[in-house]
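This report introduces selected helices of one protein chain to a reader who has not met the structure before. Please consult the sequence and the three-dimensional view alongside the text.

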Amino acid sequence: MVITIIAVPFLALVAWKFAHHFGFESLEQTAAFLFEQWGKLPDATAERNPVFAVVANLTLLGVPVWVMWRTLRKGVLRKYWLTQRTCAALVRCAQAKAAADIDRPDQLRRVDSVCRAVERSVWRSHIWRGGMTRRSPRRGAARHHAAAVVGALHRELVNLDVDPGHSLDDLAKMLATIGEQHAAGYVAALLPADALEGVTPVSLRRHALRESFAIVRGIAAALGSVLVLDHLLPALGVRDDLTDWFLAGGALAAAVTAVGWRRVRDFLGVFPGL
């Protein structure tokens with residue numbers, strides 16, 4: 001937050017002088033407005049744009065939140081996210097195993113919920129672990145193995161309704177193996193071959209369609225936010241030279257809220273220069 005307070009006025013001043021020197025009028029006006037408004041924020045008696053005040057406060061709040069999120073999801077913890085989720089699933093399995101018969105349905109629902117989180121992590125384990133690039137030919141084998149692992153998880157989850165006691169033990173062993181193999185970096189061998197015998201892999205096409213519908217949902221959310229802001233910004237008194245920035249930021253925020261930053265980042269990575 002301190003870095004943001006210091007850096008934003010400085011960068012705005014540099015952009016202002018640069019735009020004035022090279023004749024970029026739109027950039028010059030935007031940088032001058034940002035420098036003037038940000039400098040007035042500490043002064044309660046100074047006149048300031050209410051829209052800018054809201055955006056500035058959200059920025060000051062968002063920067064530390066973003067830093068914490070990146071530390072949790074993009075750093076070392078992200079590499080072992082699947083292992084952490086398997087540990088959480090093991091705890092749920094132990095609780096369901098020790099629960100009384102009347103409480104077991106609720107515990108099994110929690111096991112099912114956390115296993116869904118494990119499933120989502122299995123699909124991304126070969127990327128999160130950091131052992132291969134996005135265009136590596138090894139990714140194909142890792143994705144097919146992930147489909148088989150998810151199929152094995154589904155089979156064990158179905159057996160919970162047949163023999164909960166025995167199936168919970170088998171599910172816990174499977175989760176422990178997945179977590180250990182991922183921690184060791186064996187993303188294409190999360191489960192041994194004998195554990196995958198007779199397993200019907202989850203359809204990669206179905207998974208791709210689900211991801212495609214998620215992208216469509218994100219695009220729809222972005223377009224909807226643009227339509228709303230297009231009518232709302234003039235009523236708030238936002239200047240025309242700042243409208244495009246608000247529309248772009250609103251569209252990005254809506255898409256991230258709808259489908260998550262990972263899908264938005266992957267979608268934008270398709271377009272060169274973004």
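## Helix α8

In helix α8, the buried residues are Gly165, Ser167, Leu168, Leu171, Ala172, Met174, Leu175, Ile178, Gly179 and His182. The model is a predicted one. An α-helix has 3.6 residues a turn, so residues three or four places apart point the same way. Helix α8 covers residues 164-184, which amounts to 21 residues. From the first C-alpha to the last, α8 reaches 30 Å, close to the 30 Å expected at 1.5 Å a residue. After α8 comes Gly185, which has a positive phi, near 95°.

His166 also belongs to α8. With a relative accessible area of 47%, His166 is classed as partly exposed, because this value lies between the 20% limit for buried residues and the 50% limit for exposed ones. His166 and Lys97 are separated by 69 residues in sequence, yet their C-alpha atoms are 9.3 Å apart in space.

## Helix α5

Helix α5 spans residues 81-98 and has 18 residues. Its reach from first to last C-alpha is 26 Å, close to the 26 Å expected at 1.5 Å a residue. Its buried residues are Trp81, Leu82, Thr83, Arg85, Thr86, Ala89, Cys93 and Ala96.

Thr83, located in helix α5, has a relative accessible area of 16% and therefore counts as buried, the cut-off being under 20%. Once neighbours within four places in sequence are set aside, Thr83 is in contact with Gly179, His182 and Ala183. Of these contact partners, Gly179 and His182 are listed among the buried residues of α8.

## The pairing of α6 and α7

Two packed helices are described by the angle between their axes and the distance between the axes. Helix α6 (residues 104-128) packs against helix α7 (residues 138-159) at an angle of about 170°, and their axes are 8 Å apart. Because of this angle, α6 is roughly antiparallel to α7. The crossing of α6 past α7 is right-handed.

On the α6 side, the residues that meet α7 are Asp112, Cys115, Arg116, Val118, Glu119, Val122, Trp123, His126 and Ile127. Their counterparts in α7 are Arg139, Ala142, Arg143, Ala146, Ala147, Val149, Val150, Leu153, His154 and Leu157. By character, the residues of this contact comprise 12 nonpolar, two polar and five charged.

Conventions: Residues numbered from 1 in each chain as written. Predicted model: local features only at pLDDT ≥ 70, side-chain atom pairs only at ≥ 80, totals over all residues. Heavy atoms only, no water. Helix = DSSP H or I, 4+ residues; strand = E, 2+ residues; numbered from the N terminus. Expected span 1.5 Å × (residues − 1). Buried < 20%, exposed > 50% of the residue type's maximum accessible area, 1.4 Å probe, protein only. Axes fitted to C-alpha atoms, helices over the stretch in contact; angles between N-to-C directions. Parallel < 35°, antiparallel > 145°, perpendicular 65-115°, else oblique. Left-handed = near helix turned anticlockwise from the far one by under 90°. Contact = heavy atoms within 4.5 Å. Nonpolar A, V, L, I, M, F, W, Y, C, P; charged D, E, K, R; others polar.
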